[in-house]
Amino acid sequence: KHALLESRIAIFDGHRRPSAEVKINVGSVPVTLIGTHPEPPRSEAGYLARNRQLSAIAERVRLLKGPVVIAGDLNITPWSAHFRDLTARGGLTDSRRGFGLLTSWPTRWKISRIPIDHILVSPHVRVLDRRVGANVGSDHLPIWADLTW
């Protein structure tokens with residue numbers, strides 16, 4: 001639907017988990033999308049790897065021009081200092097802001113779900129709507145955001 005201007009597999013901070021970085025042309029506006037899934041913090045090594053990857057993503061976003069959208073299972077809640085560092089250093093806003101908690105994981109424990117799936121946007125992007133979708137068979141619920149720039 002939109003012209004692909006650039007694409008690359010990004011390895012942030014030497015992390016073994018690849019991320020997708022693409023630039024698409026929406027109308028006449030180039031928009032950068034980063035899809036990522038850092039290491040789960042199941043161990044100290046996973047915790048440190050996740051934090052290094054999020055820090056490297058923040059540094060990458062600072063170099064990008066125009067609208068930027070980061071989406072994925074970031075394996076971190078919005079209450080974490082590392083999440084706040086990612087948004088502050090990257091100049092990003094959590095698309096959840098103003099729309100509620102919108103928990104997404106795990107699907108099997110409705111009462112204790114947490115928001116670890118995120119859509120973060122640069123100041124060039126305005127969030128019109130943000131929601132969580134129905135269970136599609138994953139251990140995560142899908143997240144949706146309507147964006148404009």
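**Entry 1: the hairpin.** I began with one pair of residues and found that Asn25 stands opposite Pro30 in strand 3. I note here that the model is a predicted one. Going outward from that pair, I saw that strand 2, residues 19-26, pairs with strand 3, residues 29-35, in the antiparallel sense, and that seven bridges join them. The two strands make a hairpin with two residues between them, and in its turn Gly27 has a positive phi of about 70°.

**Entry 2: the rest of the sheet.** I then looked up the other partner of strand 2. Strand 1 and strand 2 run antiparallel and are joined by seven bridges, and within this pairing Ser7 stands opposite Val22 in strand 2. In what order do the six strands of the open sheet lie? I read the order as 1-2-3-4-6-5, with mixed pairing. The edge strands are strand 1 (3-10) and strand 5 (93-94), each of which pairs on one side only. As a reminder to myself, strands of a sheet pair through backbone hydrogen bonds, in either a parallel or an antiparallel way.

**Entry 3: the loop between strand 5 and strand 6.** I next followed the chain into the loop that holds Pro106, between strand 5 and strand 6 (117-121). The peptide bond joining Trp105 and Pro106 is cis, with omega at about -10°. Leu102 has its place in the loop between strand 5 and strand 6, and its phi is near 50°, a positive value in a residue other than glycine.

**Entry 4: Asn75.** I looked for Asn75 and found it in the loop between strand 4 (68-73) and helix 2 (81-90). Its phi is near 55°, which is again positive in a residue other than glycine. Is Asn75 buried or exposed? I count Asn75 as buried, because its relative accessibility is 10% and the cut-off for buried is under 20%.

**Entry 5: the largest pocket.** I turned to the largest pocket, which has a volume of about 180 Å³. Asn75 and Trp105, both met above, are among the residues that line the pocket, and the lining also includes His37, Pro40, Pro41, Arg42, Asp73 and His140. I sorted the lining by residue type and got five nonpolar, three polar and three charged residues.

**Entry 6: rings.** Lastly I searched for contacts of aromatic rings. How many aromatic pairs does the structure hold? I found zero aromatic pairs, but I did find the charged end of Arg108 sitting over the ring of Trp109, 4.2 Å from the centre of that ring.

How values were computed. Residues numbered from 1 in each chain as written. Predicted model: local features only at pLDDT ≥ 70, side-chain atom pairs only at ≥ 80, totals over all residues. Heavy atoms only, no water. 1 Å grid on protein atoms, 1.4 Å probe; cavity = no way out; pocket = protein on both sides within 12 Å on 5 of 7 lines; lining within 4 Å. Points joined across faces, edges and corners; volume = space filled by probe spheres on them. Nonpolar A, V, L, I, M, F, W, Y, C, P; charged D, E, K, R; others polar. Phe/Tyr/Trp six-rings, centres within 6.5 Å; stacked < 30°, edge-to-face > 60°. Lys NZ or Arg CZ within 6 Å of the ring centre and 35° of its normal. Pairing = 2+ DSSP bridges. Helix = DSSP H or I, 4+ residues; strand = E, 2+ residues; numbered from the N terminus. Buried < 20%, exposed > 50% of the residue type's maximum accessible area, 1.4 Å probe, protein only.
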